[in-house]
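Hi there,

Here is the structure I promised to pass on to you. Have a look at it first, and then read on for my notes.

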Amino acid sequence: MTKAKKQKLAFFIGTGAALGLLGAGYFFRHRLMAYTGAVWDTYTEERLKGLSDALNVRQRAKRFILDLQSRGINVRIPPDGADRSFAEQTELWKKGRFYPPYGETVTNAQAGESYHNYGLAFDIVPIVDGKAMYDTSHWPLIGKVGKSYGFKWGGDWSRPDKPHFEEIRLGTVWDLLAQYKDGTLTAELTV
Ligand SMILES: [Zn+2]
């Protein structure tokens, strides 16, 4: 091959590779941005720290939130929306049962019965003009994106809990609670 031919070939290979990378980048734009961005909201950034490292839950939750951000949906983890101690779960369970407004309960899960108690669940809500917007048309997309990061979505339940995402592959909450009582719960999940 002549030098000119070699140069031409190198040019085509180089251009092809560059175009390929650009195309892949465009195709996986949200994923790429999810790896490189920063969460817009300092509350969310702080609350993410409470999630478990087991199965990279914290890292995946962050990438999921960044992915939504790159799609123009800014979400926040609300107070009590990430990890909860058993005591905090008990307080939450008492709301509406032991304290007014009676009948308006927040959760059916008692201490140890929620993935939140193990740093394996988190809630998110879109923030629009600084306000939490639970009533939004974005939920189907939010659910779909969250599931693509390996989480189960509360929006799929018979009694939907759309803000809720959880990692269930380490066992049921009953398995985890039994391990907690035995003292065999993995250190990353100890509450
Ligand atoms: Zn939840």
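Let me begin with one residue in a loop: Asn56 is partly exposed, because 15 other C-beta atoms lie within 10 Å, a count between the 12 or fewer of an exposed residue and the 20 or more of a buried one. Asn56 sits in the loop between helix 3 and helix 4, and its phi is positive, about 55°, although Asn56 is not a glycine. Please keep in mind that this is a predicted model.

The same loop holds a second residue to look at, since Lys49 also lies between helix 3 (42–48) and helix 4. Is Lys49 buried or exposed? Lys49 is exposed, because its C-beta has 11 others within 10 Å. Between Lys49 and Ile124 there are 15 Å from C-alpha to C-alpha, with the two residues 75 apart in sequence.

Now to the overall layout. The domain assignment splits the protein chain into domain 1 (1–33) and domain 2 (34–189). Their centres, taken over C-alpha atoms, are 41 Å apart. Where the two domains touch, domain 1 contributes 5 residues and domain 2 contributes 8 residues. On the domain 1 side of that contact there are 2 nonpolar, 1 polar and 2 charged residues.

What is the radius of gyration of the protein chain, set against that of a compact globule? The chain has 22 Å, whereas a compact globule of 191 residues would have a value near 16 Å. Along the principal axes, the C-alpha atoms fill a box of roughly 85 × 45 × 30 Å. Of the 191 residues, 27% are buried. If you take the contacts between residues at least 6 apart in sequence, 63% of them join residues at least 24 apart.

As for secondary structure, you will find 7 helices and 6 strands in the protein chain. Their order from the N terminus is α-α-α-α-β-α-β-β-β-α-β-β-α.

The strands next. One open sheet has 3 strands in the order 1-3-4, with antiparallel pairing. Strand 1 (75–76) and strand 4 (131–132) are its edges; each has a single partner strand, so one side of each has no neighbour in the sheet. Strand 1 is joined to strand 3 (residues 125–128) by 2 antiparallel bridges. In these, Val75 has Pro126 as its bridge partner, and Arg76 stands opposite Val125. Strand 3 and strand 4 also run antiparallel and are joined by 2 bridges, with Ile127 partnered by Ala132. The hairpin of strand 3 and strand 4 has 2 residues between the strands, and Asp129 in this hairpin has a positive phi near 50°.

A further open sheet has 3 antiparallel strands in the order 2-6-5. Here strand 2 (121–123) and strand 5 are the edge strands, each pairing on one side only. Strand 2 pairs with strand 6 in the antiparallel sense over 3 bridges, and Phe122 has Phe165 of strand 6 as its bridge partner.

Helix 6 (residues 139–148) is worth turning around in your viewer. Which of its residues are buried? Ile142, Val145 and Gly146 are. Viewed down the axis of helix 6, the buried residues fall within an arc of 100°, so they line one face of the helix. An α-helix has 3.6 residues a turn, so residues three or four places apart point the same way. The buried residues of helix 6 pack against helix 4 (57–70), strand 5 (152–153) and strand 6 (164–166). Exposed on the other side of helix 6 are Pro140, Lys144 and Ser148. Just after helix 6 comes Gly150, with a positive phi of about 90°.

Finally, two more spots in loops:

- Asp80 is in the loop between strand 1 and helix 5. Its phi is positive, near 65°, in a residue other than glycine. Asp80 counts as partly exposed because it has 16 C-beta neighbours inside 10 Å.
- Pro101 is in the loop between helix 5 (86–94) and strand 2. The peptide bond leading from Pro100 to Pro101 is cis, with omega near 0°.

Happy browsing, and do write back with any questions.

Best wishes

How values were computed
Residues numbered from 1 in each chain as written. Predicted model: local features only at pLDDT ≥ 70, side-chain atom pairs only at ≥ 80, totals over all residues. Domains from an automatic or database assignment. Contact = placed C-beta atoms within 7 Å. Nonpolar A, V, L, I, M, F, W, Y, C, P; charged D, E, K, R; others polar. Helix = DSSP H or I, 4+ residues; strand = E, 2+ residues; numbered from the N terminus. Rg over C-alpha atoms; globule rule 2.2 N^0.38 Å. Pairing = 2+ DSSP bridges. Arc of directions from axis to C-beta.
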